[in-house]
Amino acid sequence: MQVVGSSHSSDETCESRWSEGEDISFVSFEETLGTLEALLQVENEEKEIWELSSTHKRLQTLIHHVNRDSLKEEHLRQEGDKAPGVDGVTKADYSRNLDANIDDLLLRMKSFSYRPKPARRTYIPKPGGKTRPLGIPSYEDKLVQGVMAKVLNGVYEPRFMDCSYGFRPNRSCHDVIRDINSTIYRQPIGWVVEADIKGYFDNIDHSWLMKFLEHDIQDKNFLRYIVRFLKAGIMDDGQYLDSESGSPQGGLISPILANVYLHYVLDIWFEKVVKPRMRGKAYLYRYADDFLALFENEDDARKYYEALPKRLGKFNLEVAQEKTRLIPFGRGSDSKETFDFLGFTHINGKDRKGHYRVVHRTSKKKLSAKQQAMKQWLRLNMHSPVSDILEGLNRRLVGHYRYYGVSGNSKSLSKYKDYCIMALFKVLRRRGQKRRINWKTYNRILNAYGIAMPRIYVDIWH
């Protein structure tokens, strides 16, 4: 795809003008009204898909939702500073003649000459020196994927089960932590099976995924483009790699496809097959590919623990043995065992009155990773103005508090804050050439600029 260029920006949207710092006060009423009408039309279409999915077993004619209005809305949603794909096209480039570019894209889609480009592979660091691969789609592919992902969300939101939380509207990590806490506290839970799927996103079987989608979607043209995205391949350091399996993390359509896959592989199986065969109560909680199951009875937990690898293996998935465990846990277990889930370590504990309570602490692994990340950021910015460093530090502290600031986790928050204060002190001392900063001067700096203090943002105990 060649982005249509222009030496003028008369076809740019209001949003792109704003992002480039231009004065948008001259935007006409008709232009503003047209944008609002387009957004309203897209929202109505999403609601329509949802309602149809609630009443029809299979949905037809979905591809028409990839249209001028929906693509423009997706363009507005894109962040302008995101890394480009293999073609190097940015949002600003595509904006220069937006209407012509979208018309050209739709023409190619209707004639089926549109083919997604390979995703550009990049790597982000993980704890322990490991890296996680991400696939960055080209800008045009982001638009199409974004619209198709919204269509798929409309199709599957009425069909997904309550045990699924990840990448879904109005559901968050804190919601699943809160519900796990409530179940363990209120139900006769005695055993937990925590599990992890080895390289999940890289091992999604395309054939099975398409069978699952075909079970709910009858639009062959819509499904045809999903196949093209799955088969587009990866460009890794200039080398093209086939994508015979998997859905690269980083693609806008990957989260919903990953949820569809485990909806059929895990969620429905647990609800329709596992639970009816249990003697006691059983619960499943899944956030993307991280999941755990809670059981009342040990025999039930062991049956599930033994059956899980076989179930996943049927769909070319494999449990990570080192991260999959069966442990006693719950009010009556008197167990010292703990388990990690979504960055928290969950512990059998007591409140101040001696009553049973599930305690949730920042996991040691995550805390260490966050500390190392902060240390690296401070070193990279050690020569910036002190005011800028403190502003960036406080922004990161608040972000940390917002996620890990759950009931009972104050000590872990304070530990992270104390580490950051000490790390900043060491960095400021290192940049002093002739006269190094002392604690008295450092405390004056902290008092002058302020330091974000720990705060509990999420109450999960009530």
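What share of the contacts in the chain with a separation of 6 or more is accounted for by residues 24 or more positions apart?

1. The share is 71%, taken over the contacts in the chain with a separation of 6 or more. This figure, like every other in this note, is computed from a predicted model.

2. On overall composition, the chain contains 15 helices and eleven strands, and buried residues make up 47% of its 462 residues. The accessible surface of the chain comes to about 23,900 Å², and carbon and sulfur atoms contribute 49% of that area.

3. One open sheet is built from four strands in the order E2-E1-E4-E5, with mixed pairing. Its edges are strand E2 (131–136) and strand E5 (239–241), each of which pairs on one side only. When direction is ignored, neighbouring strands of this sheet are turned by 40° against each other on average. Within the sheet, strand E4 (residues 234–236) pairs with E5 in the antiparallel sense over three bridges, and Ile 234 is found opposite Leu 241 of E5.

4. Helix H14 (residues 410–431) passes a simple check of its length: its 22 residues, at 1.5 Å a residue, should span 32 Å, and this agrees with its end C-alpha atoms, which are 32 Å apart.

5. The buried residues of H14 are Ser 412, Leu 413, Tyr 416, Lys 417, Cys 420, Ile 421, Ala 423, Leu 424, Phe 425, Val 427 and Leu 428. As background to reading that list, an α-helix has 3.6 residues a turn, so residues three or four places apart point the same way. The cover over the buried residues of H14 includes strand E11 (356–362), helix H12 (364–380), helix H13 (386–404) and helix H15 (439–449).

6. Is Thr 362, a residue of strand E11, buried or exposed? Thr 362 counts as buried because its relative accessibility is 6%, where the cut-off for buried is under 20%. Leaving aside neighbours within four places in sequence, Thr 362 is in contact with Gly 343, Phe 344, Thr 345, Leu 367, Tyr 404, Asn 409 and Ser 412. With one of these residues, Asn 409, there is also a polar contact from side chain to side chain, at 2.9 Å.

7. Two further details connect strand E11 with helix H14. Ser 412, one of the residues in contact with Thr 362, is among the buried residues of H14. Tyr 416, also buried in H14, is 54 residues from Thr 362 in sequence, while the two C-alpha atoms are 9.7 Å apart in space.

Terms used:
Residues are numbered from 1 along each chain as its sequence is written. This is a predicted model: local features need pLDDT of at least 70, side-chain atom pairs count only at pLDDT 80 or more; totals for chains, interfaces and linings use all residues. Side-chain values use heavy atoms; hydrogens and water are left out. Helices (H or I, at least four residues) and strands (E, at least two) are DSSP runs, numbered from the N terminus. The expected span of a helix is 1.5 Å times one less than its number of residues. Buried means under 20% relative accessible area, exposed over 50%, partly exposed in between (1.4 Å probe, protein chains only). Contact means heavy atoms within 4.5 Å. Accessible areas come from the Shrake-Rupley method with a 1.4 Å probe; for residues, only the protein chains shown count as cover. Two strands pair if DSSP finds at least two bridges between them. Axes are lines fitted to C-alpha atoms, for helices over the stretch in contact, and angles run from 0 to 180 degrees between N-to-C directions. A polar contact is a pair of N or O atoms within 3.5 Å; within protein, one must be able to donate a hydrogen and the other to accept it, and residues adjacent in sequence count only if both atoms are side-chain atoms.
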